[in-house]
Amino acid sequence: MSHVQLSNVTKTYDDVVAVEGIDLTVRDGEFLVVVGPSGCGKSTTLRMVAGLETISGGEIGIGSKVVNDVRPQDRNIAMVFQNYALYPHMSVRENMSFGLRLSGEYEAAVIDDRVENAAELLEIPELLEQYPKELSGGQQQRVALGRAIVRDPEVFLMDEPLSNLDAKLRSQMRTELQRLHEELGVTTVYVTHDQTEAMTMGDRIAILNDGELQQVAEPEVCYSEPNNRFVAGFIGSPSMNFFEVAVESESDGIHVDGDSFQTDLNVSLETGRYTLGIRPEDLRLADESGRIPADVDVVEPMGADNYLYLNPPTDDDREKEIVARVDSEYSPDTGERIDLDFDIEDIHFFDETGDRVPTTIAEQTTSR
Ligand code: ADP
């Protein structure tokens, strides 16, 4: 096992900066998920660690060794891709053993042992003599994983390995990958564009946008203490609601002035313009007149919850939709005016650069 270290790593293609000055340490034995929207530089980052892409600047280390100039086959890593790329004319056993046989470093008995152990671990020993076309998508993905496992690498690099599978299988394979990681304990870098996958699988997640690292932290930290507005909007589904507001600092808190609501809050924050962020699950129906009035547009039943899609009353711009996640027992009519409320611990303020500004609860001198 080994840690992986990226120091100020940059990749440019002609005039496109694909990855910009990334500093990132993947800890020994950690399952780190790199997540971000399409084109943000995830695959490029992973391919640079693998050695499949040269780096334009910075340094990459695996264990104690700088690998900038080390060939991919000498980096002691194993990659798993979305496209399983199994050889159709080879059996599962042959597919899994191919890399080891090719290296010429192992005796046949050692290879057999490794293949059989990996097949046991993946619960596919009965498939060893079958051919890829006889296997389901999930089984093929297991074989692709097996091919990586038999190499006994220091690091697994996985690029959207589950995105070809249907939703149910994908969720099964997530659990399966986590079990494998627990058993093998191999440092893993896992790339996905799917924030749910990141949130459920990662020991920590690294969020990228436009080639730049936005935050590296445990999933729950990215969720509850996002570094900036991008992370706040990217993590969590449905996305956080954002309101542009003017804040006025007062002796016992702040006055918040938005397009369609005004409210006094018991927090300390400097006067200025901010974006106020509130997650759908942190909005609730107000008992009486609430802080945020809104008109019901669509009610989407999700089983235990209903998602309410709402429009601010003074805003005819449809894009400024508010989403609230409420108990399924509450199902208002389209067009109904409702009032929403929230707890001040659950809201976030972002300054004009997009950075989150931590707030503290103000000393309460008057009741608000
Ligand atoms: P992601 O994996 O997050 O979808 P990529 O790492 O594939 O993103 O791409 C990052 C950026 O680099 C994108 O703007 C993409 O168009 C660009 N890019 C990737 N590979 C190449 C290439 N071979 N030549 C030119 N531009 C590339």
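**Exercise 1. Identify the salt bridge between E244 and R229 and place it in the domain arrangement of this predicted model.**

Step 1. In this predicted model, the side chains of E244 and R229 form a salt bridge, with an N to O distance of 3.0 Å. The cut-off for such a pair is 4 Å, and the distance of 3.0 Å satisfies it.

Step 2. The domain assignment gives domain 1 as 4-234 and domain 2 as 241-361. R229 therefore falls in domain 1 and E244 in domain 2, because domain bounds are taken from that assignment.

Step 3. Between domain 1 and domain 2 the count is one salt bridge. Seven residue pairs are in polar contact across this interface, both residues of each pair being at pLDDT 80 or more.

**Exercise 2. Describe the side of domain 1 that touches domain 2: which elements give two or more residues to it?**

Step 1. Two or more residues each come from α7 (219-224) and α8 (229-234).

Step 2. Sorted by character, the residues on this side are four nonpolar, four polar and two charged.

**Exercise 3. State how far apart the C-alpha centres of the two domains lie, and how much area domain 1 and domain 2 bury between them.**

Step 1. A distance of 39 Å separates the C-alpha centres of domain 1 and domain 2. The contact draws 10 residues from domain 1 and 10 residues from domain 2.

Step 2. The two domains bury about 870 Å² between them, and carbon and sulfur atoms account for 48% of it.

Step 3. Of the area that domain 1 buries against domain 2, 61% is supplied by Y223, R229 and A232, more than by any other three residues. R229 is also the domain 1 partner in the salt bridge with E244.

**Exercise 4. List the residues around the ligand and find polar atoms that lie close to its oxygen atoms.**

Step 1. The surrounding residues are Y13, A18, P37, S38, G39, C40, G41, K42, S43 and T44.

Step 2. Take the backbone: an N or O atom of G41 is 3.0 Å from a ligand oxygen, and a polar backbone atom of S43 is 2.8 Å from a ligand oxygen.

Step 3. Take a side chain: an N or O atom of K42 lies 2.9 Å from an oxygen atom of the ligand.

**Exercise 5. Find how many salt bridges the whole structure holds, and work through the pair R142 and E176.**

Step 1. The search of the whole structure gives 19 salt bridges.

Step 2. One pair is R142 with E176, whose side chains meet at 2.8 Å, N to O.

Step 3. R142 sits in helix α4 (residues 137-149) and E176 in helix α5 (residues 167-184); at 34 residues apart, the pair links distant parts of the chain.

Notes
Residues numbered from 1 in each chain as written. Predicted model: local features only at pLDDT ≥ 70, side-chain atom pairs only at ≥ 80, totals over all residues. Heavy atoms only, no water. Contact = heavy atoms within 4.5 Å. Buried area = accessible area lost by both parts, 1.4 Å probe. Polar contact = N/O pair within 3.5 Å; in protein donor to acceptor, adjacent residues only side chain to side chain. Helix = DSSP H or I, 4+ residues; strand = E, 2+ residues; numbered from the N terminus. Nonpolar A, V, L, I, M, F, W, Y, C, P; charged D, E, K, R; others polar. Near = heavy atom within 4 Å.
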